[in-house]
Structures are given as C-alpha cells and as structure tokens.
Amino acid sequence: MPELPEVEVTRLSFASAIAGAGVESVRLGKPLRWPLGATPAQLVGQHVRAVRRRGKYLLLDLDQGILLMHLGMSGSLSFSKQQPAPGAHDHFDLQTSRGLLRLHDPRRFGAVVYAPSEDSPEAQKLLGKLGLEPLSADFALDAFRAGLKRRGSAIKQVLLGGQVVVGVGNIYACETLFLAGIRPTLKASRITKPGSIRLHAAIFDVLTRAVAKGGSSLRDFSNAKGENGYFQLEAMVYGREGLPCKVCAKPVRLMRQGQRSTYWCAHCQKA
DNA sequence: AAAAGCCCCTGGATGC
DNA sequence: TGCATCCAGGGGCTTT
C-alpha cells in the first residue's frame with residue numbers, strides 16, 4: 001500500500017511528537033516479515049532521537065542503534081497517548097513516554113528490524129542497494145539518466161525496482177509515466193534525453209503533490225494521527241480502467257507487467 | 001550484474 | 001448464503 005508519499009506523510013505525522021521519548025515496553029504480535037533482531041529488553045530504556053526515511057523504510061534513531069520499519073502492502077502506523085487494546089492485526093507496539101507507536105498490518109508483509117547502526121550488515125542488507133532519493137538534492141538528473149541507461153527492462157518495472165530511484169510504487173509509477181507521456185513498456189535504456197528530463201520532473205512533481213495531499217488512501221491508509229490522504233482523487237490513470245482519460249478522453253487501459261497492474265493512456269503516452 | 005518469477009499473508013469484491 | 005477465484009499500495013530471494 002504505502003509508497004514514498006504515504007511513508008513520508010506517516011513520518012511527518014509523528015516524528016516530532018515521538019522525538020526524545022523513552023521506550024517503556026515492547027509488545028510483539030504475530031511474526032512479521034523478519035524477526036525483530038533484538039529482545040524487548042534491549043530496547044527498553046532507550047530513547048527515540050529522531051525519525052528518518054530512506055525509500056519506503058522509516059528509520060527510528062535510538063540511543064544505541066536504529067529501528068527499521070517497513071509498512072509492506074497493508075501496514076500503517078498510529079501514535080497516540082490512548083490506544084485501544086491491540087487488535088488481531090496489531091503486530092508491534094512500542095510503548096513510549098510520549099505515547100504508543102503501533103504497527104497495524106493485516107498481511108504482515110511489513111517489518112520492524114533492529115540494527116546496531118545504519119552501516120551495519122543488518123541494515124545494509126535492506127538499505128544497501130537503494131537508488132536515488134527523489135525528494136532530496138540527491139536526485140540529480142545526470143545520475144537518474146545514467147541509472148536508466150544501464151537498465152534494459154521496461155521503464156515501469158525499473159521505477160518499481162527501486163535501484164535507480166526509490167519510493168515509486170505502483171500508483172506513482174503509473175502516474176509519473178502518464179505525466180511524462182512515456183509508454184510503460186518502453187525499455188529504460190531507450191528513453192530519450194527529453195523523455196528522461198520529463199520523467200525526472202514528473203517524479204518530483206507527483207511525489208511532492210502526493211505528500212502535500214496526505215498521500216493516497218485507496219482502502220485504509222491513514223497517517224499516525226489517523227488522518228486520510230486525498231491524492232487518489234487526483235490520479236490521472238491509476239484505478240481508472242475504461243474511464244475517459246482526463247486529458248484526451250480516450251479510455252484508460254489496463255495491462256499486466258510482472259504480476260502488477262499498469263494503468264495508462266495509449267494516446268497520451270506515446271514516447 | 002541484471003532480469004524474471006516466486007513467494008510471503010489476509011481480506012474484500014466478484015461470480016457461480 | 002456459501003464457496004471458489006482473483007486482486008491488492010512491496011520487495012527479498014532464487015534461479016536463469
């Protein structure tokens with residue numbers, strides 16, 4: 001579910017509130033994607049110094065080490081003083097002096113992993129091969145173009161892969177390619193210079209606007225304060241199969257690329 | 001090194 | 001109403 005905008009919106013919704021909080025207890029529900037890699041006792045007594053983001057991972061800086069959190073397909077976080085008793089899909093609780101941080105994740109593709117540091121093998125296994133951060137100064141056009149040049153697969157798959165640029169999931173891949181006017185099946189290495197310039201700009205534009213709208217709440221996404229996002233209302237193609245393209249009025253198409261749905265407009269995306 | 005498939009898991013929508 | 005099937009915002013792992 002959550003792509004970069006949803007993860008960033010989540011981060012912004014609790015980062016300042018939790019900063020400085022002391023960890024009082026930890027509760028584990030059903031197993032997530034990986035084991036925590038630490039005992040609750042190792043976390044209790046530490047403080048959450050800051051919450052950062054890398055791609056779709058949240059990094060909670062502790063006094064000693066970091067907590068990597070990933071929301072998978074169905075995860076969401078909540079943070080507040082008063083929370084109900086854990087439900088069947090609440091699989092991680094971090095009780096702090098400022099409130100309870102809770103991961104709700106029905107499908108359990110998400111994860112909470114402790115690592116001794118960001119540079120540790122445990123963390124680098126997950127963060128090591130990630131591409132450029134699209135909303136940071138890191139996202140240089142030249143580096144982006146160089147990344148595309150060495151990929152022979154379809155641009156849609158390359159965007160989803162996260163090794164060239166991070167954070168672009170299925171919704172935003174479809175939306176950015178529409179905005180850039182590029183066919184989702186075009187081999188990344190064959191994108192023209194003007195095409196790559198448009199795509200680079202579209203990624204920044206779409207993700208920035210999505211963050212401003214609070215992300216996309218297709219089913220049940222909400223930030224750590226329980227607030228929904230509204231970017232889905234502005235989607236040009238995602239989820240709009242058969243509906244008229246908002247630009248040219250021809251029907252939006254749906255196709256499969258690597259087990260994922262791709263929505264696109266054959267008339268507007270010809271590059 | 002890169003690319004393509006395979007899974008992990010649950011719930012909701014759809015169809016018979 | 002019941003049951004089977006398909007689909008969903010991700011991504012690491014294994015195999016080519």
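**View 1. Residues of the predicted model that surround DNA strand B.** In this predicted model, DNA strand B is surrounded by K30, H89, P106, R107, R108, F109, R150, R151, G152, S153 and Q259. Sorted by class, the surface near the strand comprises 2 nonpolar, 4 polar and 5 charged residues. Among the atoms of DNA strand B that lie within 4 Å of the protein, 65% are sugar or phosphate atoms, and bases supply the rest.

**View 2. Polar contacts of R107, R108 and S153 with DNA strand B.** The side chain of R107 places a polar atom 2.9 Å from a base oxygen of the strand. For R108, a polar side-chain atom is found 2.8 Å from a sugar or linking oxygen of DNA strand B. S153 takes part through its backbone: a polar backbone atom of this residue is 3.4 Å from a phosphate oxygen of DNA strand B. The three residues thus address a base oxygen, a sugar or linking oxygen and a phosphate oxygen, respectively.

**View 3. The two domains of chain A and the contact between them.** The domain assignment divides chain A into domain 1, residues 4-127, and domain 2, residues 141-264. Taken over C-alpha atoms, the domain centres are 27 Å apart. Domain 1 brings 17 residues to the contact, and domain 2 likewise brings 17 residues. About 1,400 Å² is buried between domain 1 and domain 2, and carbon and sulfur atoms account for 67% of this area. Within domain 1, the residues that lose the most area to domain 2 are P5, E6 and V9, which together make up 36% of what that side buries.

**View 4. Polar pairing and secondary structure at the domain contact.** Between domain 1 and domain 2 there are 0 salt bridges, whereas 5 residue pairs, with both residues at pLDDT 80 or more, are in polar contact. On the side of domain 1 that touches domain 2, the elements giving two or more residues are helix 1 (4-18) and strand 5 (76-80). Helix 1 gives the most to this side, with 9 residues. By class, the residues on this side of domain 1 are 8 nonpolar, 5 polar and 4 charged.

Notes:
Residues numbered from 1 in each chain as written. Chains lettered and ligands numbered in written order. Predicted model: local features only at pLDDT ≥ 70, side-chain atom pairs only at ≥ 80, totals over all residues. Heavy atoms only, no water. Domains from an automatic or database assignment. Contact = heavy atoms within 4.5 Å. Buried area = accessible area lost by both parts, 1.4 Å probe. Salt bridge = Lys/Arg side-chain N within 4 Å of Asp/Glu carboxyl O. Polar contact = N/O pair within 3.5 Å; in protein donor to acceptor, adjacent residues only side chain to side chain. Helix = DSSP H or I, 4+ residues; strand = E, 2+ residues; numbered from the N terminus. Nonpolar A, V, L, I, M, F, W, Y, C, P; charged D, E, K, R; others polar. Near = heavy atom within 4 Å.
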